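Colleague: Could you walk me through this model and explain the labels you put on things? I would like to hear the reasoning behind each one.

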Amino acid sequence: MGSKSQLFHYDEVAKHNHKKDCWIIISGKVYDVTPFLEDHPGGDEVLLLAVEKDATDDFNDVGHSDSAREQMEKFYVGKVDTSTIPAQPNYKLPAQAAAQSEQSSGLLVKLLQFLLPLLIMGAAFALQYYNKK
């Protein structure tokens, strides 16, 4: 980690959100990953999608190696005031929409369970009828 340990407001970090100036927040720490964009194994798009938010969950979900975590330290620029980070929206389908989706797929399955055996039986009888002629 560098000797500097500056405290940033979230809004200040969020301004660095493009290819020529890319900062991300992971575990309350701010990293300037601009020089690493082209070298990132997952591509620069992955890092650019992590700007303007707390990317801790995104980072941990990937399962980075210990060497990747060590490499991060050279991009460290300071800490973020975590009280200034806005809450991440929780995207969930409304209960009614989810239930309706399950109902329609359940109806389709039941219909197929009924019609498919009938179609198979009909095809078998048709083959038997045409083979006798």
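Colleague: How many aromatic pairs does a search of the whole structure find?

Modeller: It finds 4 aromatic pairs. Please keep in mind that this is a predicted model.

Colleague: What makes the pair of F8 and W23 edge-to-face?

Modeller: Their ring centres lie 5.2 Å apart, and a pair needs centres within 6.5 Å, so F8 and W23 qualify as a pair. The planes stand at 75 degrees; edge-to-face requires over 60, so that label follows.

Colleague: Which parts of the chain does that pair link?

Modeller: It links distant parts: F8 sits in strand β1 (residues 6-8) and W23 in strand β3 (residues 21-26), 15 residues apart. Both F8 and W23 are buried.

Colleague: And why is the pair of Y129 and Y130 called edge-to-face?

Modeller: The same kind of check applies. The centres of Y129 and Y130 are 5.5 Å apart and the planes are at 70 degrees; with the limits at 6.5 Å and over 60 degrees, the pair is therefore edge-to-face.

Colleague: Why does Y129 count as partly exposed, and is Y130 buried or exposed?

Modeller: Buried means under 20% relative accessible area and exposed means over 50%. Y129 has 48%, so it falls in between and counts as partly exposed. Y130 has 59%, so it passes the upper limit and is exposed.

Colleague: Let us turn to the sheet. In what order do the strands run?

Modeller: The 5 strands form an open sheet in the order β1-β5-β4-β3-β2, with mixed pairing. In the chain itself, the elements run β-α-β-β-β-α-α-α-β-α from the N terminus on, which comes to 5 helices and 5 strands.

Colleague: Why do β1 and β2 stand at the edges?

Modeller: Each of them, β2 being residues 17-18, has a single partner strand, so one side of each is left without a neighbour in the sheet.

Colleague: How do you know that β2 and β3 pair?

Modeller: Pairing needs at least two bridges. β2 and β3 have 2 bridges, in the antiparallel sense, so they meet that requirement. As one example, the bridge partner of H18 is D21 in β3.

Colleague: What about β3 and strand β4: over how many bridges do they pair?

Modeller: β3 and strand β4 (residues 29-32) pair over 4 bridges, again in the antiparallel sense, and I24 has Y31 in β4 as its bridge partner. β3 and β4 also form a hairpin with 2 residues between them, and S27 in the turn has a positive phi of about 55 degrees.

Colleague: Over how many bridges do β4 and strand β5 pair?

Modeller: β4 and strand β5 (residues 76-80) pair over 3 bridges in the antiparallel sense. There, K29 has K79 in β5 as its bridge partner.

Colleague: Now the surface. Which residues form a nonpolar patch?

Modeller: The patch is formed by L111, F114, L115, L116, L118, L119 and I120, with about 710 Å² of accessible area together.

Colleague: Why is I120 called exposed?

Modeller: I120 lies in helix α5 (residues 95-132). Its relative accessible area is 54% and the cut-off is over 50%, so I120 is exposed.

Colleague: And for the chain as a whole, how many of the residues count as buried?

Modeller: Of the 133 residues, 26% count as buried. The chain exposes about 10,000 Å², and carbon and sulfur atoms supply 58% of that area.

Note on methods: Residues numbered from 1 in each chain as written. Predicted model: local features only at pLDDT ≥ 70, side-chain atom pairs only at ≥ 80, totals over all residues. Heavy atoms only, no water. Buried < 20%, exposed > 50% of the residue type's maximum accessible area, 1.4 Å probe, protein only. Areas by Shrake-Rupley, 256 points an atom, 1.4 Å probe, with all protein chains shown as cover. Phe/Tyr/Trp six-rings, centres within 6.5 Å; stacked < 30°, edge-to-face > 60°. Patch = residues over 30% accessible without salt bridge, like charges linked within 9 Å, V, L, I, M, F, W, Y side chains within 5 Å. Salt bridge = Lys/Arg side-chain N within 4 Å of Asp/Glu carboxyl O.
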